[in-house]
Amino acid sequence: LLDHGCYQHRPHGLYCDSRTGQDYGDNLYRFAMLSLAALEAPLRLNFGGVPYGQRVAFLSNDWQAGLVPVYLAHRYRPTGVYREARSIHIIHNLGFQGKFSRCRANPKTLLGLGESA
């Protein structure tokens, strides 16, 4: 479903390098792409010969999928897509918050989001 080099096996941990405890430098990009893939899947994957459609509920978990409701509200709904979709975001671990510098991670250029997001 999501085939990109940034998702290749990371031998020292999925979220961070277990040897250093440091997040991977591309985490924001990787998890933004994961959020977009989650939103594209119901529109593109065929179940029984037809796409699943727009009347769906998205359940996102922790910061890694935290952009799902943001993209839903600021990228899809303004274009008329997913108007009836619902989103629930669950946080089960406040120890990992996915904080990134706004200078380093400009929402418009890196994430494709406008200033209102």
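## The S5–S6 pairing

In which sense do S5 and strand S6 pair, and over how many bridges? The two strands run parallel to each other, with 5 bridges between S5 and S6 (residues 86-90). Bear in mind that this is a predicted model. Two of the residue matches are easy to pick out: serine 60 has histidine 89 in S6 as its bridge partner, and asparagine 61 sits opposite isoleucine 90 of S6.

Add helix H2 to the two strands and you get a β-α-β unit of the right-handed kind, made by S5, H2 and S6. As for S5 itself, its residues sort into two faces: Phe58 and Ser60 are on the covered one, while Ala57, Leu59 and Asn61 are on the uncovered one.

## The chain as a whole

Zooming out, the chain has 2 helices and 6 strands. Read from the N terminus, the order of elements is β-β-α-β-β-β-α-β.

Of the 117 residues in the chain, 27% are buried. The contacts reach a long way along the sequence: taking those between residues at least 6 apart, 64% join residues at least 24 apart.

## Aspartate 62, a buried acid

Just past the end of S5 comes a residue worth a look. Aspartate 62 lies in the loop that runs from strand S5 (57-61) to helix H2 (67-76). Is aspartate 62 buried or exposed? Its relative accessibility is 7%, and the cut-off for buried is under 20%, so aspartate 62 counts as buried.

Despite being buried, aspartate 62 has no salt bridge. The nearest side chain of opposite charge belongs to arginine 30, and that is 14 Å away. A salt bridge needs the nitrogen and the carboxyl oxygen within 4 Å, so a partner at 14 Å does not qualify.

So what does aspartate 62 touch? Leaving aside residues up to four places away in sequence, the contacts are His89, Ile90, Ile91, His92 and Asn93. Two of the names here are familiar from the strand pairing: histidine 89 is the bridge partner of serine 60, and isoleucine 90 stands across from asparagine 61.

The backbone of aspartate 62 is also a bit out of the ordinary. Most residues other than glycine have a negative phi. Aspartate 62, which is not a glycine, has a positive phi near 60°.

## An aromatic cluster around tyrosine 82

The structure has 4 aromatic pairs. One of them is phenylalanine 58 with tyrosine 82, where the centres are 5.1 Å apart and the planes meet at 85°, which makes the pair edge-to-face. This pair ties together distant parts of the chain: phenylalanine 58 belongs to strand S5 and tyrosine 82 to the loop between H2 and S6, with 24 residues separating them. Tyrosine 82 also pairs with tyrosine 76; here the centres are 5.6 Å apart and the planes are at 50°, so this pair is tilted.

Together, Phe58, Tyr76 and Tyr82 make up one aromatic cluster. How buried are its members? Tyrosine 82 has a relative accessible area of 0%, while phenylalanine 58 is buried at 8% and tyrosine 76 is buried at 8%. The backbone of tyrosine 82 has a quirk too: its phi is positive, at about 65°, although it is not a glycine.

## Salt bridges elsewhere

Aspartate 62 may go without, but the whole structure holds 4 salt bridges. In one of them, arginine 19 meets aspartate 17 at 2.6 Å, N to O. The two ends sit in contrasting surroundings: arginine 19 is exposed at 58% relative accessibility, whereas aspartate 17 is buried at 11%.

Arginine 30, the far-off opposite charge for aspartate 62, has a salt bridge of its own with aspartate 26, at 3.4 Å N to O. Arginine 30 is buried at 2% relative accessibility, and aspartate 26 is partly exposed at 25%.

Another bridge sits within helix H1 (residues 27-44), where arginine 44 and glutamate 40 are 4 residues apart, which means about one helical turn between them. Their closest N and O atoms are 2.5 Å apart. Arginine 44 is exposed at 60% relative accessibility, and glutamate 40 is partly exposed with a relative accessible area of 21%.

Terms used: Residues are numbered from 1 along each chain as its sequence is written. This is a predicted model: local features need pLDDT of at least 70, side-chain atom pairs count only at pLDDT 80 or more; totals for chains, interfaces and linings use all residues. Side-chain values use heavy atoms; hydrogens and water are left out. Buried means under 20% relative accessible area, exposed over 50%, partly exposed in between (1.4 Å probe, protein chains only). Lys and Arg count as positive and Asp and Glu as negative; His and the chain ends are not counted. Contact means heavy atoms within 4.5 Å. Two strands pair if DSSP finds at least two bridges between them. A crossover is right-handed if, with the strands pointing away from the viewer, the path from the first strand over the helix to the second runs clockwise. Rings of Phe, Tyr and Trp (its six-membered ring) pair if their centres lie within 6.5 Å; planes under 30 degrees apart count as stacked, over 60 as edge-to-face and the rest as tilted.
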